[in-house]
Amino acid sequence: MEVPPVLQSTPRATRDIRNCVDFVASQPWGRPADRKRDIAQGIKALASAPLRRRVAFRPPGTRLEFRCREAGQFVIIYAYTRPTRAWPTGRVSIRAVRHRRVRDILRGVRETRACYGGGSLP
């Protein structure tokens with residue numbers, strides 16, 4: 001069995017997930033537990049095949065390639081780093097989670113340096 005890449009989340013992604021789930025919870029029809037599960041399943045699926053999605057954006061001057069994966073009514077924006085000596089199984093960096101209806105899902109995600117905090121994924 002192949003070892004999946006390391007999953008990391010930026011503080012922005014952790015905040016986005018919380019905001020998306022809170023928004024759904026504020027709606028009378030909302031089912032926040034289901035939406036949180038959608039996001040968690042999307043992250044799990046992209047970690048098992050991070051190169052399956054095409055590159056959506058390459059910030060100039062970096063080697064990062066942002067990719068997007070749909071998860072229910074949300075889109076997960078992530079960057080995959082191929083295996084290196086530091087990361088022998090590769091690394092998936094969850095950069096943001098946006099609602100599919102957002103006009104420009106990549107807006108504000110184009111930073112070139114990720115600040116990884118104690119963010120936790122769903």
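A residue is called buried here when its relative accessible area is under 20%. With that cut-off in hand, let us walk through this predicted model, starting with helix α1, where Ala13, Thr14, Asp16, Ile17, Cys20, Val21 and Val24 are buried. These residues span an arc of only 160 degrees around the axis, and therefore they sit on the same side of α1. The elements that cover them include β1, α2, β4 and β5. The helix itself has 16 residues and reaches 22 Å from its first C-alpha to its last, close to the 22 Å expected at 1.5 Å a residue.

Now step back to the whole chain. The protein chain holds 2 helices and 5 strands, and from the N terminus on these elements follow the order β-α-α-β-β-β-β. Of its 122 residues, 39% count as buried. Among contacts with a separation of 6 or more, 58% join residues that are 24 or more positions apart.

The strands come together in an open sheet of 5 strands with mixed pairing, in the order β1-β5-β4-β3-β2. Residues 6–9 form β1 and residues 55–57 form β2; each of these strands stands at an edge with a single partner strand, so one side of each is left without a neighbour in the sheet. From one strand to the next, the twist averages 40 degrees.

Let us cross the sheet from the β1 edge. β1 pairs with β5 (residues 91–99) in the parallel sense, over 4 bridges. Two places to look are Val6, which stands opposite Arg91 in β5, and Gln8, which stands opposite Ser93 in β5. How much of β5 is buried? The count is 8 of its 9 residues, so β5 is largely enclosed by the rest of the structure.

Moving on, β5 pairs with β4 in the antiparallel sense over 8 bridges, and here Tyr80 has Val92 of β5 as its bridge partner. β4 in turn pairs with β3 in the antiparallel sense, over 6 bridges. You can find Phe66 opposite Ala79 in β4. The hairpin of β3 and β4 has 2 residues between the strands, and in this hairpin Gly72 takes a positive phi near 65 degrees. β3 is mostly covered, with 5 of its 6 residues buried. At the other edge, β2 and β3 pair in the antiparallel sense over 2 bridges, and Phe57 has Phe66 of β3 as its bridge partner.

How do the helices sit against this sheet? α1 (residues 11–26) lies across β1, β4 (74–81) and β5, running at about 35 degrees to β5. α2 (residues 32–48) also packs on the sheet, where it touches β1, β3 (66–71), β4 and β5, and its direction makes about 25 degrees with that of β4.

Finally, a word on confidence. The protein chain averages a pLDDT of 83, and 84% of the residues score at least 70. Over residues 114–119, however, pLDDT stays under 50, and the model has 14 contacts beyond four places in sequence for this stretch. Where pLDDT is low, the predicted coordinates should not be read in detail.

How values were computed. Residues numbered from 1 in each chain as written. Predicted model: local features only at pLDDT ≥ 70, side-chain atom pairs only at ≥ 80, totals over all residues. Heavy atoms only, no water. Pairing = 2+ DSSP bridges. Axes fitted to C-alpha atoms, helices over the stretch in contact; angles between N-to-C directions. Contact = heavy atoms within 4.5 Å. Expected span 1.5 Å × (residues − 1). Buried < 20%, exposed > 50% of the residue type's maximum accessible area, 1.4 Å probe, protein only. Arc of directions from axis to C-beta. pLDDT = per-residue confidence, 0-100.
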